[in-house]
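Reader: I have a structure open and would like to learn how to read its features one by one. Could you walk me through it?

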Amino acid sequence: MGKPTGFMDYERKVSKDVSPKQRIKNFNEFHEHLPMEEQRLQGARCMDCGVPFCQSGMTLCGMTSGCPLHNLVPEWNDLVYTGNWEQAYLRLHKTNNFPEFTSRVCPALCEAACTCGLNDEPVSTKENEYAIIENAYEMGYAAPKPPKVRTGKTVAVVGSGPSGLAVADQLNKRGHMVTVYERSDRIGGLLMYGIPNMKLEKHIIDRKIKVMEAEGVTFVTGTDIGKDMKAEKLMKDYDRVVLCCGSSQPRDINAPGRDAKGIYFAVDFLTRNTKSLLDSDFQDKLYVDTKGKDVVIIGGGDTGNDCVGTAIRHGAKSVTQIEMMPKAPDRRADSNPWPQWPKVCKTDYGQEEAIAVYGHDPRIYESTVKEFIKDKSGNLKAVKIVSLTWEKDAKTGRMNMKEAAGSERVLDAQIVLIAAGFLGSQKYITDAFKVELDGRTNVQTESGRFATSVDRVFTAGDMHTGQSLVVKAIRQGRECAGEVDESLMGYTNMYVQ
């Protein structure tokens, strides 16, 4: 522990954000990070707890508390304080393959479980992680380190999202020859096209991919396994196949008028936006332009918020976000004590920008879309929404939603973005490999395992568990890699503890 009184001597400080009205002028990351000396003092705030909940990754009341990767948080916080940046990187990289991603997009489960946060502000662990990895690249600590010995075994990974990249990184370090297949034109999956540039600039992904290529991983883009290449060929050409194709089947809204022109799934909207930005800085006009239009977003999660921020950057006339659930409390309820994940209202960057631009929070709680209204040409012109009430079922005790009588109202809308989550894996890829599915159309395995019903085929990430966090996908990839390695070699020292 670098300074026993650090948590009392120093206040929590994090990066400053560029003001909302300024940052919406571009799609760049907008955090102004602390200088190194100031960041060192933030490391001093870590209490080196006897029981570090920050790295526990436990499930409490159905939610994760602490880091699912079991990052050695107290260790590298102390190393940041003492200025031992190289060792801090080595300790961080021991449990996390991609801190350059998680330090930008993770919701910081570690900070929510920080003991210092019980009575004060939590340690700025996510900011410390960012400082460690960016310094590592600058100083050369994160340079390529190819394995010295190769096993002669070959593995194909289908999908290059966070779980697929984690599988590939781990197995390559073990000495296996790994090829990653991606159906899109760029590597990264969810990281590349599902997360907007202002949260994760894409040169950060490219930087890591170049390191992995230099270490021996082969990447093949523009190849859709199950369509462009048969599953049988992969099974023949490789010793093992790992499916990491994500939970990419979007949930639809089946209301009257759904066929109106101007309704898009959020993932398609975000993908087209980022691709157009990267290909031509929007000059190709292949994105969904929201300029001067009323935009309604169905869904109150992170993806919905990303749609808010993206629509505003293109100059939307108005943005409204429809959310079925009631507004969460502003402070922890007594029934939601630390170290549980705090179920409190979060105003994210997109909502902050909407407040700055339009003068009000874009969210309408406890409501849903009842009808999409078209003009004579079939174009969307409005949506009819209705308020919801919650009633307890006398027999089951469950809370059910019901429409509130007389609560219907109409909102102008020329564009609707559906951000209602995902239903599971896509049928064509699971059919191609003939793997068994569970009731949610995720690829089925034994509990806690990654081998599918098909010999030599494994799975990891959202395709295995359903839609979740990037940090959990990385953990899944690491665990899956251990099981694949053991099946290839008869033993492994790669299992995550």
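**Reading the model, feature by feature**

Author: Gladly. Lysine 285 lies in the loop between α13 (266-280) and β10. Keep in mind that this is a predicted model.

Reader: What is the sign of phi at lysine 285, and is the residue buried or exposed?

Author: Lysine 285 has a positive phi of about 60°, although it is not a glycine. With a relative accessibility of 60%, lysine 285 counts as exposed, since the cut-off for that class is over 50%. Glutamate 366 is another non-glycine residue with a positive phi, here about 50°. You will find glutamate 366 in the loop between β12 (363-364) and β13 (367-374). Its relative accessible area of 28% makes glutamate 366 partly exposed.

Reader: Let us turn to helix packing. How are two packed helices described?

Author: Two packed helices are described by the angle between their axes and by the distance between those axes. Take helix α5 (residues 85-95) and helix α8 (residues 125-139): their axes come within 9 Å and cross at roughly 110°. Therefore α5 is roughly perpendicular to α8, as angles of 65 to 115 degrees fall in that class.

Reader: Which residues of α5 and α8 meet?

Author: From α5 come Trp85, Ala88, Tyr89 and Leu92, and they meet Glu129, Ala131, Ile132, Ile133, Asn135 and Ala136 in α8. The residues of this contact divide into eight nonpolar, one polar and one charged.

Reader: Now the sheets. What is the strand order in the open sheet of five strands?

Author: The order is β7-β6-β5-β8-β18, with parallel pairing. At the edges stand β7 (218-220) and β18 (457-459), each with a single partner strand, so one side of each has no neighbour in the sheet. From one strand to the next, the twist averages 20°. To follow one pairing by eye, look at β6 and β7, which run parallel and are joined by three bridges. There, tyrosine 181 stands opposite valine 220 in β7.

Reader: Where else can I look at parallel pairing?

Author: Try strand β10 (residues 294-298) and β11, which pair in the parallel sense over five bridges. Isoleucine 298 stands opposite isoleucine 322 in β11. Strand β11 (residues 318-322) is mostly covered, with four of its five residues buried.

Reader: How many residues does the largest nonpolar core have, and which of them have the most contacts inside it?

Author: The largest nonpolar core has 41 residues, and Val157, Leu165 and Val242 have the most contacts inside it. Several elements supply at least two residues each, among them β5 (154-158), α9 (162-174) and α11 (202-214). α18 gives the most, with seven residues. Beyond its sequence neighbours within four places, valine 242 is in contact with residues including Val157, Phe458, Cys480 and Val484.

Reader: Is cysteine 244 buried or exposed?

Author: Cysteine 244 sits in the loop between β8 (240-243) and β9 (263-265). At 5% relative accessibility, cysteine 244 counts as buried, the cut-off being under 20%. Its contacts beyond four places in sequence include Val157, Ser163, Val167 and Met463.

Reader: And which peptide bond is cis, with omega near 5°?

Author: The bond from tryptophan 338 to proline 339. Proline 339 is in the loop between β11 and α15 (349-358).

Methods. Residues are numbered from 1 along each chain as its sequence is written. This is a predicted model: local features need pLDDT of at least 70, side-chain atom pairs count only at pLDDT 80 or more; totals for chains, interfaces and linings use all residues. Side-chain values use heavy atoms; hydrogens and water are left out. Axes are lines fitted to C-alpha atoms, for helices over the stretch in contact, and angles run from 0 to 180 degrees between N-to-C directions. Angles under 35 degrees count as roughly parallel, over 145 as roughly antiparallel, 65 to 115 as roughly perpendicular and the rest as oblique. Contact means heavy atoms within 4.5 Å. Ala, Val, Leu, Ile, Met, Phe, Trp, Tyr, Cys and Pro count as nonpolar, Asp, Glu, Lys and Arg as charged, and the others, Gly among them, as polar. A nonpolar core is a set of buried Ala, Val, Leu, Ile, Met, Phe, Trp, Tyr and Cys residues joined through side-chain atoms within 4.5 Å. Buried means under 20% relative accessible area, exposed over 50%, partly exposed in between (1.4 Å probe, protein chains only). Two strands pair if DSSP finds at least two bridges between them.
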